[in-house]
Amino acid sequence: MTTQQRLVVIGNGMAGMRLVETLCRLAPQRYDITVIGEEPRGNYNRILLSPLLAGEKTFDEALLHPPAWYRQHGVTLLHGETALRLERQARRVITSGGSVGYDLLVLATGSRPWMPPTPGIELPGVYGFRTLDDVEAMLGRCRPGARALVVGGGVLGIEAAAALAARGMSAVVVHRG
C-alpha cells in the first residue's frame with residue numbers, strides 16, 4: 001500500500017499552478033495536493049490584467065483553473081486564506097483559516113508591486129496593479145474624462161495607462177528615468 005505524500009503549495013498563481021498541473025498529469029496518484037491562495041478565486045492568467053482593465057477580455061477568459069478543475073483533479077484549494085507562518089518542526093502551515101500538514105512544501109508566492117514611500121500612498125484611489133482585485137477596484141473608479149496618474153513606465157505601467165485610456169480616461173505616466 002502506497003501512501004500519498006502531502007504536498008502543500010503556497011501560492012495559487014501561474015508558477016505554482018503550472019507545477020500542480022504537471023504533477024496531476026505525470027503522477028496523478030502520488031501526491032495529496034493542497035493549494036493555499038490569498039485571493040478568493042481560482043487561478044487566472046495575470047498577463048491578461050491589462051486587457052481586463054481595458055475591457056478587451058472578461059474574467060472568464062482569463063480564468064485558467066475554475067473551482068471544478070481543482071475538484072476534478074483531487075486538489076484541495078484553500079482560496080481566500082493567507083499562509084501566516086511555517087512550523088517547520090511540526091511540518092505544517094498555519095493559515096488564516098487553520099493549519100495544513102505537509103510532507104513537501106512549495107513556496108510560489110510571486111511578487112508584490114513596489115509602492116513608493118510617499119505621503120498619501122494609503123489613500124483611497126491608490127492601487128497596485130497585480131491582482132484581479134486591483135483591476136476591479138480601478139474599474140470602480142474609472143470614468144471617461146477622469147484623470148489617472150500611473151507611477152512607473154515599465155511594461156505594466158504603460159499597459160495600465162493604455163488600458164485606462166481605452167476606458168476614456170486621461171492617463172499620465174511618471175517614470176524615474
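A residue counts as buried when its relative accessible area is under 20%. In this predicted model, Tyr70 has a relative accessible area of 2%, so Tyr70 is buried.

**Aromatic pairs**

A pair of aromatic rings is described by the distance of the centres and the angle of the planes. The model holds two aromatic pairs. Their values are set out here.

| Pair | Centre to centre | Angle between planes | Type |
|---|---|---|---|
| Tyr44 and Phe59 | 6.1 Å | 65° | edge-to-face |
| Trp69 and Tyr70 | 5.5 Å | 90° | edge-to-face |

Planes over 60 degrees apart count as edge-to-face, and the planes of Trp69 and Tyr70 stand at 90°, so that pair is edge-to-face. Trp69 has a relative accessible area of 15% and is buried, as the cut-off is under 20%.

The other pair joins two elements. Tyr44 belongs to strand β3 (residues 43-44) and Phe59 to helix α3 (residues 59-62), so their contact ties together parts that are 15 residues apart in sequence. Are these two rings buried or exposed? Tyr44 is buried, at 4% relative accessibility, whereas Phe59 is partly exposed, with a relative accessible area of 25%. Phe59 also has a charged residue over its face: Arg41 lies there, at 6.0 Å from the ring centre.

**Nonpolar cores**

In soluble globular proteins, nonpolar side chains tend to be buried together. The largest nonpolar core of this model has 19 residues. Which residues have the most contacts inside this core? They are Leu49, Leu52, Leu53, Phe129, Val135, Leu164 and Met169. Two or more residues of the core come from each of the elements α2 (49-54), α5 (132-139), β10 (147-151) and α6 (155-166). Leaving aside residues up to four places away in sequence, Val135 touches Leu49, Leu52, Leu53 and Phe129.

Another core, of 14 residues, lies apart from this one. Among its residues are Val9, Trp69, Tyr70 and Leu77, and Trp69 and Tyr70 are also the partners of an edge-to-face ring pair.

**An open sheet**

Strands of a sheet pair through backbone hydrogen bonds, either parallel or antiparallel. Here three strands form an open sheet in the order β6-β7-β8, and the pairing is antiparallel. Why do β6 (83-87) and β8 (98-101) each have one side without a neighbour in the sheet? Both stand at the edges with a single partner strand, so one side of each is left free of a neighbour. On average, neighbouring strands of the sheet are turned by 25° against each other, direction ignored.

Four bridges link β7 (residues 92-95) with β8 in the antiparallel sense. Thr95 stands opposite Gly98, which is in β8.

Key:
Residues are numbered from 1 along each chain as its sequence is written. This is a predicted model: local features need pLDDT of at least 70, side-chain atom pairs count only at pLDDT 80 or more; totals for chains, interfaces and linings use all residues. Side-chain values use heavy atoms; hydrogens and water are left out. Two strands pair if DSSP finds at least two bridges between them. Axes are lines fitted to C-alpha atoms, for helices over the stretch in contact, and angles run from 0 to 180 degrees between N-to-C directions. Rings of Phe, Tyr and Trp (its six-membered ring) pair if their centres lie within 6.5 Å; planes under 30 degrees apart count as stacked, over 60 as edge-to-face and the rest as tilted. Buried means under 20% relative accessible area, exposed over 50%, partly exposed in between (1.4 Å probe, protein chains only). A charge sits over a ring if NZ of Lys or CZ of Arg is within 6 Å of the ring centre and within 35 degrees of the ring normal. A nonpolar core is a set of buried Ala, Val, Leu, Ile, Met, Phe, Trp, Tyr and Cys residues joined through side-chain atoms within 4.5 Å. Contact means heavy atoms within 4.5 Å.
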